[in-house]
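Work through the exercises below with the sequence and the coordinates open. Each task is followed by a stepwise solution.

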Amino acid sequence: MIQHQIEHKLRTELSPSYLKVLNESYMHNVPEGSESHFKVIAVSDGFEGKRLLARHRTINSILADELANHIHALAIHTYTESEWQALDTELVPQSPDCMGGSKS
């Protein structure tokens, strides 16, 4: 499963204190059981001192094969441990509803 690949790679590369990978494909116009749309919430000391763009590039680099071959959309939310502790986790951005697209 793609979701498990994503989780394994991110755990191995980032050693996150918190990681959640959500398959949000069901929210989109894709066949049932698809693994094409994901949201990643990752908390890692490896993000310390990095700007948001650098954090996202790190995730994109780790998941380069999945992004090139399997994933249509990836929402990324990255935090340092101190940012995560200060955040009301209810405020982690929610993914928007599907705006259309194909059934492919």
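The exercises concern a predicted model and treat its sheet, its core, one helix and one residue.

**Exercise 1. The sheet**

Task: Determine the strand order of the open sheet and name its edge strands.

Solution:
- Step 1. The open sheet has three strands in the order β1-β2-β3, and the pairing is mixed.
- Step 2. β1 and β3 each pair on one side only, which makes them the edge strands.
- Step 3. On average, neighbouring strands of this sheet are turned by 10° against each other, direction ignored.
- Step 4. β1 and β2 run antiparallel and are joined by six bridges. Within this pair of strands, N23 has F38 in β2 as its bridge partner.
- Step 5. Helix α1 packs on the sheet, where it touches β1 and β2. The direction of α1 makes about 160° with that of β1.

**Exercise 2. The nonpolar core**

Task: Find which residues of the largest nonpolar core touch the most other members, and which elements supply the core.

Solution:
- Step 1. The largest nonpolar core holds 16 residues; I6, L10, V40, I59 and L74 touch the most other members.
- Step 2. Two or more residues each come from α1, β1 (18-23), β2 (37-43), α2 (52-62) and β3 (73-79).
- Step 3. α1 gives the largest share, four residues.
- Step 4. Take I6 as a case: leaving aside neighbours within four places in sequence, I6 contacts V21, F38, V40, L63 and I71.

**Exercise 3. The two sides of α2**

Task: Decide how the buried residues of α2 are arranged around its axis.

Solution:
- Step 1. List the buried residues of α2: R55, T58, I59 and I62.
- Step 2. Viewed down the axis of α2, these residues fall within an arc of 95°, so they line one face of the helix.
- Step 3. The face turned away from the buried side of α2 carries the exposed residues L53, R57 and S61.
- Step 4. The packing partners of the buried residues of α2 are α1, α3 (64-69), β3 and α4 (81-86).

**Exercise 4. Q3**

Task: Is Q3 buried or exposed, and which residues is Q3 in contact with beyond its neighbours within four places in sequence?

Solution:
- Step 1. Locate Q3 in helix α1, which spans residues 2-14.
- Step 2. Compare its relative accessibility, 16%, with the cut-off for buried, under 20%. Q3 counts as buried because its relative accessibility is 16%.
- Step 3. With neighbours within four places in sequence left aside, Q3 is in contact with V21, L22, N23, E35 and F38.
- Step 4. Two of these contacts, N23 and F38, are bridge partners.

How values were computed:
Residues numbered from 1 in each chain as written. Predicted model: local features only at pLDDT ≥ 70, side-chain atom pairs only at ≥ 80, totals over all residues. Heavy atoms only, no water. Buried < 20%, exposed > 50% of the residue type's maximum accessible area, 1.4 Å probe, protein only. Contact = heavy atoms within 4.5 Å. Core = buried A, V, L, I, M, F, W, Y, C linked by side-chain atoms within 4.5 Å. Arc of directions from axis to C-beta. Pairing = 2+ DSSP bridges. Axes fitted to C-alpha atoms, helices over the stretch in contact; angles between N-to-C directions.
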